[in-house]
Amino acid sequence: MSFLRRHRAATPAGPDFDVLAMDPGDWPGNLGAGLLPAPDGSCQGVFLRYDLFGGRGPAMIIGNLPEGSPARDLAEGQVPFEVAQLLAALENDEEVEVTGSEDCPVMQGDNLLIVRKVKLSEGRISCVQFDRSDNVLVTIASWDRPITDDLYALLKPLPAELFQQG
């Protein structure tokens, strides 16, 4: 994805990479965003929580984790960070683990994505992942809604100003 680029700032106030997600203006529900800070103040990831259920819990979480983010280091069978965030937001404390994965080619505009469909022991969660050309891992976790190829057409880089603090 050639349109994605790294940002560099003297003092980290948000991510130093573009965040690929759905535009909040296109989403009819509530939106929340979270940054994963490192001890040095740099951003180790961004996740966006989309709520269609009117405050009863998120319908979807989209995460962007750069190379080297500790949230990418998973033990065997451990669910992706975004799935854990989805379960926590839903106050669901069931034990969920990864049971397998399948790679599928998907077109996003002119770009070919190799999307990894993550299979989980909890059937109400859909989860997919793909790597961007700038080594940022995008993970989409959805509750009680399948993730279809139509979703990839809605993904676009969000402006860095959306994540600035202060």
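Ile 61 stands opposite Ala 141 in strand 8, and this pair is a starting point for reading the sheet. This is a predicted model, in which local features need pLDDT of at least 70, side-chain atom pairs count only at pLDDT 80 or more, and totals for chains, interfaces and linings use all residues. Residues are numbered from 1 along each chain as its sequence is written, and side-chain values use heavy atoms, with hydrogens and water left out. Strands are DSSP runs of type E with at least two residues, numbered from the N terminus, and two strands pair if DSSP finds at least two bridges between them.

**The sheet as a whole**

- Seven strands form an open sheet in the order 2-3-4-8-7-6-5, and the pairing is antiparallel.
- Strand 2 (30-37) and strand 5 (98-108) stand at the edges with a single partner strand each, so one side of each has no neighbour in the sheet.
- Neighbouring strands of this sheet are turned by 20° against each other on average, direction ignored, where the axes are lines fitted to C-alpha atoms and angles run from 0 to 180 degrees between N-to-C directions.

**Strand 4 and its partners**

- Strand 4 (residues 60-65) is joined to strand 8 by six bridges, and the two run antiparallel; besides the pair named at the start, Asn 64 stands opposite Val 138 in strand 8.
- Strand 3 (residues 43-51) also pairs with strand 4 in the antiparallel sense, over five bridges, and here Tyr 50 stands opposite Met 60 in strand 4.
- Six of the six residues of strand 4 are buried, so this strand is largely enclosed by the rest of the structure; buried means under 20% relative accessible area, exposed means over 50%, and partly exposed lies in between (1.4 Å probe, protein chains only).
- Met 60, Ile 62 and Asn 64 point one way from strand 4, whereas Ile 61, Gly 63 and Leu 65 point the other way, and all are buried.

**Strand 8 and the hairpin**

- Strand 8 (residues 137-143) is mostly covered, since seven of its seven residues are buried.
- From strand 8, Leu 137, Thr 139, Ala 141 and Trp 143 point one way and Val 138, Ile 140 and Ser 142 the other way.
- Strand 7 (residues 125-131) is joined to strand 8 by seven bridges in an antiparallel arrangement, and the bridge partner of Asp 131 in strand 8 is Leu 137.
- Strand 7 and strand 8 form a hairpin with five residues between them, and Asn 135 in the turn has a positive phi of about 65°.

**Cysteines**

- Cys 43 is buried, with a relative accessible area of 9%, and Cys 127 counts as buried at 3% relative accessibility.
- The count of disulfides comes to zero, a disulfide being a pair of cysteine sulfur atoms within 2.5 Å.

**A partly exposed residue**

- Ile 114 lies in strand 6 (residues 111-120), and at 49% relative accessibility Ile 114 counts as partly exposed.

Conventions. Helices (H or I, at least four residues) and strands (E, at least two) are DSSP runs, numbered from the N terminus.
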